[in-house]
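Q: Please take a close look at one part of this structure and set it in the context of the whole chain. A formal, connected account would be appreciated.

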Amino acid sequence: MRIRLTDKGKKASEIVNALYERQLGSLEVVGELGCDDFRQVNSSLMRLEGFWVNQIRFRL
């Protein structure tokens, strides 16, 4: 199945992407956070989610 964005959807996507890129740039400069930092945070959050899922699933 293929989907396509309308012109309005493409414009919205471009705006969100530009905002995202601007925030990443600010985080790198002001917050001194780079791609590796985000990968580590993402990995930690995924492990934390797995922990809570198991707590709920197995009622530990």
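A: **Helix 2 and its surroundings**

Of the 60 residues of the protein chain in this predicted model, 0% count as buried. Burial here requires a relative accessible area under 20%. The accessible surface of the chain comes to about 6,100 Å², and carbon and sulfur atoms account for 58% of that surface.

The chain is made up of 2 helices and 0 strands. Its radius of gyration is 18 Å, well over the 10 Å given by the globule rule for 60 residues, so the chain is more spread out than a compact globule. The C-alpha trace spans about 50 × 40 × 15 Å along its principal axes.

Against this background, the part to examine is helix 2, which covers residues 35-58. Helix 2 contains 24 residues, and the distance from its first C-alpha to its last is 34 Å, close to the 34 Å expected at 1.5 Å a residue.

The approach to helix 2 comes through the loop that follows helix 1 (7-29), and valine 30 is placed in this loop. Valine 30 counts as exposed because its relative accessibility is 71%, and the cut-off for that class is over 50%. Between valine 30 and asparagine 42 there are 20 Å in space, C-alpha to C-alpha, for a sequence separation of 12 residues. Glutamate 32 also lies in the loop between helix 1 and helix 2. Its backbone has a positive phi of about 55°, although glutamate 32 is not a glycine. With a relative accessible area of 66%, glutamate 32 is exposed.

Within helix 2, a charged pair comes next. Aspartate 36 and arginine 39 are joined through their side chains in a salt bridge, with 3.0 Å from N to O. A search of the whole structure finds 1 salt bridge. The two partners are separated by about one helical turn, because they are 3 residues apart in helix 2. Both aspartate 36 and arginine 39 are exposed.

Nonpolar side chains also contribute to the surface. Val41, Leu45, Leu48, Phe51 and Trp52 make a nonpolar surface patch of about 500 Å². One of these residues, valine 41, is found in helix 2. The relative accessible area of valine 41 is 46%, so this residue is partly exposed. That value also meets the requirement for patch membership, because patches are made of residues with over 30% relative accessible area and no salt bridge.

Two further members of the patch carry aromatic rings. The structure holds 1 aromatic pair, and phenylalanine 51 and tryptophan 52 form it in an edge-to-face arrangement, with 5.0 Å centre to centre and 75° between the planes. The pair counts as edge-to-face because its planes are over 60 degrees apart. Phenylalanine 51 is partly exposed, with a relative accessible area of 40%. Tryptophan 52 is likewise partly exposed, at 48%.

The account closes just after helix 2, where arginine 59 takes a positive phi of about 50°. Glutamate 32, in the loop before helix 2, has a positive phi as well, of about 55°.

Terms used. Residues are numbered from 1 along each chain as its sequence is written. This is a predicted model: local features need pLDDT of at least 70, side-chain atom pairs count only at pLDDT 80 or more; totals for chains, interfaces and linings use all residues. Side-chain values use heavy atoms; hydrogens and water are left out. Patches are made of residues with over 30% relative accessible area and no salt bridge: like charges are joined within 9 Å, nonpolar side chains (Val, Leu, Ile, Met, Phe, Trp, Tyr) within 5 Å. Accessible areas come from the Shrake-Rupley method with a 1.4 Å probe; for residues, only the protein chains shown count as cover. A salt bridge is a side-chain nitrogen of Lys or Arg within 4 Å of a carboxyl oxygen of Asp or Glu. Helices (H or I, at least four residues) and strands (E, at least two) are DSSP runs, numbered from the N terminus. Buried means under 20% relative accessible area, exposed over 50%, partly exposed in between (1.4 Å probe, protein chains only). Rings of Phe, Tyr and Trp (its six-membered ring) pair if their centres lie within 6.5 Å; planes under 30 degrees apart count as stacked, over 60 as edge-to-face and the rest as tilted. The expected span of a helix is 1.5 Å times one less than its number of residues. The radius of gyration is taken over C-alpha atoms; the globule rule is 2.2 Å times the number of residues to the power 0.38.
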